[in-house]
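Please open the structure in your viewer and keep the sequence panel visible. This tour proposes a series of selections and describes what is found at each one.

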Amino acid sequence: MIVQFTLHPTAFFLNGQDHAQRVSIVKAVERYWLHSGVFVQLSECPAGQLAPEVFAALDPDIRRLWQELFKQASRRSRIQPCSKKTVAAFKGEPAACLRQLERIVELVCLDKEDGVAFSIPADKPCFFDSATGIEVCRIDCVESSKTFSSAYDNLKGAFRKGETRERILKEFIEPHAKLHSKIVVVDRYAIERHIQGIGAPTGFGSILKSLNSMPNSIYLTIYSGISTFDIKAWIDNIRATLKKLGPGSLAEVVVYLCPQKFFSKDVHHRYNKFGPDAALFLDFGLEVLELDVVQRSCKYHYDWSRLIIEESESTLRQCVRPVRFEPGDGLAKAPQNMASVK
């Protein structure tokens, strides 16, 4: 789950706070932002940078804190630009402001003084605007945001029996896929279960279909185990599966079919990695996506530990050559005019 949020320009100043409090507030924003949020940039400035008028007016110490946070967020694709019509969103009266941001953000953070203007009671941290569905929260009380807290709490848990595949895809996989072009799946059994389950829904088929429907191009790499010497038949099966998808957002699929012994010896975990950002670890891997509803509870958690992930993929790459599928060679070619395709 990822929260679309933005900051009122005055929120960056952290007025009324001493240095220690400012550091604490920025660290709290960092925790929620980098783990469960995407900052919607309303100002007309290069992506990942503070608006010039805000940047120039900040105290040097607080400026450095925000600069470093913006750099981290930019590296992890946790910043997205917004349409020009919302650039002046905070220049109107509060109700009009929120109407402009409706369906663009779920959360707005601002300073205490502007919080009162936006209907936050002086003694309360947040206010939920029922007309737009946007939560308005004082930046010094960001840890009290129900929107952020709910998303943050869902970074670890379990998909219970009866949970729908659609919700898992829509809330736990697709929001991250929309932010990152490069996705990696490490799942020892994913392709073998797909080969054995021809004609039946499979986790491999489900995630391919989901990623092929993204608004952005997707470059997918899959590491999976193989327990047969007839590798050509497996490759032909994968190619047929990809062609059935039809035109979509999958621009490349690279498959590493690795001997099972490498998984049993060195790589026990199963995960989906999104660019240089988080990896979603699943106890049962893509198996959780096989049917419309989950058949047995599956624990999950997001992880940002690069070392484990990089070591796993490096180990698997050393043992086999990749098989690459591209449009016209495994993947369907997109029509000249995608807009004309219903």
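The stops below take in a helix, a cavity, a pocket and a loop residue. Please bear in mind throughout that this is a predicted model.

**Stop 1: helix H6**

Select residues 146-153, which form helix H6. Which residues of this helix are buried? They are Thr-147, Phe-148, Ser-149 and Ala-151. Next, add the elements against which these buried residues pack: strand S1 (3-7), helix H1 (19-36), strand S2 (37-41), strand S4 (107-110) and strand S6 (134-138). Finally, display Ser-145, which caps the N-terminal end of H6. A side-chain oxygen of Ser-145 lies 3.4 Å from the backbone nitrogen of Thr-147, itself one of the buried residues of the helix.

**Stop 2: the cavity**

The structure holds one cavity of 30 Å³ or more. The largest cavity contains about 40 Å³ of space. To outline the largest cavity, select its lining: Asp-187, Tyr-189, Ala-190, Arg-193, His-194, Gly-203, Phe-204, Arg-270, Phe-284, Leu-286, Glu-287 and Glu-290. The elements that give two or more residues to this lining are helix H8 (190-196) and helix H9 (203-211). H8 provides the largest share, three residues. If you colour the lining by class, five residues appear as nonpolar, two as polar and five as charged.

**Stop 3: the largest pocket**

Move now to the largest pocket, whose volume is about 480 Å³. It is lined by 20 residues, and those closest to its centre are Thr-202, Gly-205, Ser-206, Lys-209 and Leu-245. Select these five residues to centre the view. Helix H7 (165-177), H9 and helix H10 (231-245) each supply at least two residues of the pocket lining. Which helix gives the most to this lining? It is H10, with five residues. By class, the pocket lining has six nonpolar, nine polar and five charged residues.

**Stop 4: Ser-249**

Select Ser-249, in the loop between H10 and strand S10 (250-259). Is Ser-249 buried or exposed? Its relative accessibility is 8%, and therefore Ser-249 counts as buried. Display its side chain and look for two polar contacts. A polar atom of the Ser-249 side chain lies 2.5 Å from the backbone oxygen of Leu-211. The side chain of Ser-249 also reaches the backbone nitrogen of Ser-213, at 3.4 Å. To complete the view, show the residues in contact with Ser-249, leaving aside its neighbours within four places in sequence: Leu-211, Asn-212, Ser-213, Met-214, Asn-216, Ser-217 and Ile-218.

Definitions and conventions: Residues numbered from 1 in each chain as written. Predicted model: local features only at pLDDT ≥ 70, side-chain atom pairs only at ≥ 80, totals over all residues. Heavy atoms only, no water. Buried < 20%, exposed > 50% of the residue type's maximum accessible area, 1.4 Å probe, protein only. Helix = DSSP H or I, 4+ residues; strand = E, 2+ residues; numbered from the N terminus. Contact = heavy atoms within 4.5 Å. Polar contact = N/O pair within 3.5 Å; in protein donor to acceptor, adjacent residues only side chain to side chain. 1 Å grid on protein atoms, 1.4 Å probe; cavity = no way out; pocket = protein on both sides within 12 Å on 5 of 7 lines; lining within 4 Å. Points joined across faces, edges and corners; volume = space filled by probe spheres on them. Nonpolar A, V, L, I, M, F, W, Y, C, P; charged D, E, K, R; others polar.
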